[in-house]
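Q: Got a minute to go through this one with me? I'd like to talk about packing and the DNA side.

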Amino acid sequence: MTIYRRLLHRFGRRHWWPAKTPFEVAVGAMLTQNTAWANVERAMANLSRARVLTPRRLLDVPPRRLVRWIRPAGYFNLKGRRLRALVAWWVRRQNPVTATRQHALAAVRQELLSVHGVGPETADSILLYALGRPSFVVDAYTKRILARHGWVSWQARYDELQQVLMRRLPRNVALYNEYHALLVELGKTLCLKRRPKCHECPLRDLGALRLEPEAG
DNA sequence: AGCCAGGACTGAG
DNA sequence: CTCAGTCATGGC
């Protein structure tokens, strides 16, 4: 039994990313930085109700109103500016979903990282969940889970964690999609928060398992 | 009452 | 290049 299969069996498919369009995925990826998803949903609902959840409309929105709508997501002044930068890129790229399809993954990733407010996790979230590219998303949960089971050191940085995963897993968008979502679910619901206190974690023996989706 | 949430930028050393 | 400080709302 592998970790992936056990997580999938326990939690079922997560159906990520919870958004209607690739553009909404990108907006959500930005708003969810260090923020509970429930708060992001409120902000997204405000934008939706205001009918500005398209690249063009969102770019034309006055910063004051934008900040008011995204307030529930926290860091609203910061995220207002970052969101504009991201949307400006999206518009300049004229629908990156198709516009970047022929480009190398590393090139698109580099381009995203150059946008103000887009770090490695946000870039990979957009690549994977909006653009359908096989770039594994690493987050705080992923790091805690891998480090706690001794697969990486606690000092490991983002790129190292990502390489550990991508080197061992087939480059498959559907797999990366589900795997990251499952790791987040494990981190949220079980014993892998910053203060571990759960002594009855059904997955506490994960150390004996493998990362690979296939047994063998 | 704190602590935490699906991070990233900035400035100092 | 490393790293503490910063940003802010809402749930528990």
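A: Sure, here is a run through some helix packing, a buried residue and the DNA surface. Keep in mind that this is a predicted model.

Q: Start with helix 2. Is it mostly covered or mostly open?
A: Mostly covered. Of the 10 residues in helix 2, 8 are buried.

Q: Which ones are buried in helix 2?
A: Phe23, Val25, Ala26, Val27, Gly28, Ala29, Met30 and Leu31.

Q: And what covers them?
A: The cover on the buried residues of helix 2 includes helix 3, helix 4 (55–60), helix 6 and helix 9.

Q: Take helix 6. At what angle does it cross helix 2?
A: Roughly 150 degrees. Helix 2 spans residues 22–31 and helix 6 spans 76–92, and their axes come within 10 Å.

Q: So parallel or antiparallel?
A: Roughly antiparallel, because angles over 145 degrees count that way.

Q: Left-handed or right-handed crossing?
A: The crossing of helix 2 and helix 6 is right-handed.

Q: Which residues make that contact?
A: Helix 2 puts in Phe23, Ala26, Val27, Met30 and Leu31. From helix 6 come Lys79, Arg82, Leu83, Leu86 and Trp90.

Q: How do they split by class?
A: The contact of helix 2 with helix 6 has 8 nonpolar residues, 2 charged and no polar ones.

Q: Switching to helix 9. Where does Ile126 sit?
A: Ile126 is in helix 9, which covers residues 120–130.

Q: Why does Ile126 count as buried?
A: Because Ile126 has 30 C-beta neighbours inside 10 Å, and the cut-off for buried is 20 or more.

Q: What does Ile126 touch, beyond its sequence neighbours?
A: Setting aside anything within four places in sequence, Ile126 is in contact with Val25, Ala26, Ala29, Leu112 and Leu131. Val25, Ala26 and Ala29 are among the buried residues of helix 2.

Q: Now the DNA. Which residues are around strand C?
A: Asn34, Thr35, Ala36, Ala38, Asn39, Arg71, Pro72, Gly74, Tyr75, Phe76, Asn77 and Leu78.

Q: Which helix gives the most there?
A: Helix 6, with 3 residues of the surface near DNA strand C. Helix 3 (37–49) and helix 6 each supply at least two.

Q: And the classes on that surface?
A: Near DNA strand C there are 6 nonpolar, 5 polar and 1 charged residues.

Q: Last one. How far is Ile126 from Asn77?
A: The two are 22 Å apart, C-alpha to C-alpha. In sequence, 49 residues separate them. Asn77 is one of the residues around DNA strand C.

Notes
Residues are numbered from 1 along each chain as its sequence is written. Chains are lettered from A and ligands numbered from 1 in the order in which they are written. This is a predicted model: local features need pLDDT of at least 70, side-chain atom pairs count only at pLDDT 80 or more; totals for chains, interfaces and linings use all residues. Axes are lines fitted to C-alpha atoms, for helices over the stretch in contact, and angles run from 0 to 180 degrees between N-to-C directions. Helices (H or I, at least four residues) and strands (E, at least two) are DSSP runs, numbered from the N terminus. Angles under 35 degrees count as roughly parallel, over 145 as roughly antiparallel, 65 to 115 as roughly perpendicular and the rest as oblique. A crossing is left-handed if the near helix is turned anticlockwise from the far one by less than a right angle, and right-handed if clockwise. Two residues are in contact if their C-beta atoms, placed from the backbone, lie within 7 Å. Ala, Val, Leu, Ile, Met, Phe, Trp, Tyr, Cys and Pro count as nonpolar, Asp, Glu, Lys and Arg as charged, and the others, Gly among them, as polar. A residue is near a molecule or strand if its C-beta atom, placed from the backbone, lies within 6 Å of it. A residue is buried if 20 or more other C-beta atoms lie within 10 Å of its own, exposed if 12 or fewer, and partly exposed in between; C-beta atoms are placed from the backbone.
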